[in-house]
Amino acid sequence: LFLQELNQEADPKSKMEMIMLYNKLTKEHHIALIQGLIRKDFVNLELIFGHLTAFVFQKEPYDVAQQLDAYLSQMLKRLDKTIIETGNSEAILKEINYKITQNFIIDNSFLGYYDITDVKYQHIISQYTLSILIILLAERIELPVFGLPYSDKLVLCYTQSYCSHSELVREEDILYYLVIGEKDLIYTLDDLKLLAMLQDETLELRSILPSSNHKLAENWLGHLSQCNFDNKTQHHLSSIYQQIFSLAEEI
């Protein structure tokens with residue numbers, strides 16, 4: 001309610017004072033706020049990712065949310081609406097790849113490349129965060145693109161058009177998988193099953209079904225805490241992960 005009032009405030013001075021108060025209150029209770037969000041079955045990925053970004057990179061929560069909103073709006077304008085409206089999954093994936101993915105250099109070696117608020121300045125981004133960015137865009141325009149997290153990357157999963165970001169995806173809903181950065185390879189569930197059979201392995205559901213948004217947030221931070229950064233950074237990220245998710249796992 002406070003945030004709603006803040007966004008509607010017309011007086012610049014009053015709004016600045018409200019922003020300062022919002023940032024102060026949010027940072028004082030940031031851990032509890034994030035824990036509350038990740039306990040929900042379905043949470044808006046932009047909301048939780050904005051808070052995680054502000055918390056991890058020690059930035060003002062309101063500023064991060066505003067920058068993320070503006071950046072997503074800017075990127076959506078690049079997409080051809082006629083292609084999006086056709087519902088042709090392959091054409092849509094190619095449009096996203098051409099207009100969004102190819103604008104970045106993918107590099108996982110530096111913590112700053114995971115900070116989505118700095119991406120527009122440096123045009124270098126991690127594979128994991130770029131995939132999250134595409135899911136955020138998909139969530140805004142109700143494209144059935146979801147995330148399947150692994151320890152080293154986030155796989156995009158394109159499903160049937162009736163799938164929603166507020167419900168679980170089933171095996172029969174899956175159309176394509178896309179690994180951003182690996183020559184943007186598109187493959188199907190049958191391809192995965194064939195590969196598993198050739199390797200004499202059994203596919204588990206967690207290896208083929210996309211995760212809910214709160215799990216994507218957890219895996220993004222978990223991935224960060226496992227990256228090969230310097231010791232000080234690793235310790236900082238590990239501490240953040242434990243503060244947020246150790247209690248959440250107990251609950």
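A crossing of two helices is right-handed if the near helix is turned clockwise from the far one by less than a right angle. With that in hand, welcome to this predicted model, where the crossing of helix 4 and helix 11 is right-handed. Helix 4 also passes helix 5 in a right-handed crossing. Besides these two helix contacts, the briefing covers the cavities, of which the structure holds 2 with 30 Å³ or more.

**Helix 4 with helix 11**

- Helix 4 spans residues 45-56 and helix 11 spans residues 213-226.
- The two helices pack with their axes 9 Å apart, at an angle of about 25°.
- Helix 4 is therefore roughly parallel to helix 11, because angles under 35 degrees count that way.
- From helix 4, the contact uses L45, I48, F49, L52 and V56, and these meet N213, L216, A217, W220, L221 and L224 of helix 11.
- Sorted by class, this contact has 10 nonpolar residues, 1 polar residue and no charged residues.

**Helix 4 with helix 5**

- Helix 5 covers residues 61-76, and its axis and that of helix 4 come within 9 Å.
- The two axes cross at roughly 130°, which means that helix 4 is oblique to helix 5.
- On the helix 4 side you will find E46, G50, T53 and A54 in the contact, while helix 5 brings P61, V64, L68, D69 and L72.
- The classes here are 5 nonpolar, 2 polar and 2 charged residues.

**The largest cavity**

- Its volume is about 120 Å³.
- The lining is made by 13 residues, and F146, E167, S211, S212 and N213 lie nearest the centre of the cavity.
- N213 is worth a second look, since this residue of helix 11 is also part of the contact with helix 4.
- By class, the lining of the largest cavity has 6 nonpolar, 5 polar and 2 charged residues.

**The second largest cavity**

- This cavity has a volume of about 30 Å³.
- To find the second largest cavity in the structure, look for its lining residues Q67, L68, Y71, I116, T117 and K120.
- Helix 5 gives the most to this lining, with 3 residues.
- L68 appears in this lining and also on the helix 5 side of the contact with helix 4.
- The lining of the second largest cavity has 3 nonpolar, 2 polar and 1 charged residues.

Definitions and conventions:
Residues are numbered from 1 along each chain as its sequence is written. This is a predicted model: local features need pLDDT of at least 70, side-chain atom pairs count only at pLDDT 80 or more; totals for chains, interfaces and linings use all residues. Side-chain values use heavy atoms; hydrogens and water are left out. On a 1 Å grid over the protein atoms alone, a cavity is a set of points where a 1.4 Å probe fits but cannot get out, and a pocket is an open set with protein on both sides within 12 Å along at least five of seven lines; lining residues have an atom within 4 Å of a point. Grid points are joined across faces, edges and corners, and a volume is the space filled by probe spheres set on the points. Ala, Val, Leu, Ile, Met, Phe, Trp, Tyr, Cys and Pro count as nonpolar, Asp, Glu, Lys and Arg as charged, and the others, Gly among them, as polar. Helices (H or I, at least four residues) and strands (E, at least two) are DSSP runs, numbered from the N terminus. Axes are lines fitted to C-alpha atoms, for helices over the stretch in contact, and angles run from 0 to 180 degrees between N-to-C directions. Angles under 35 degrees count as roughly parallel, over 145 as roughly antiparallel, 65 to 115 as roughly perpendicular and the rest as oblique. Contact means heavy atoms within 4.5 Å.
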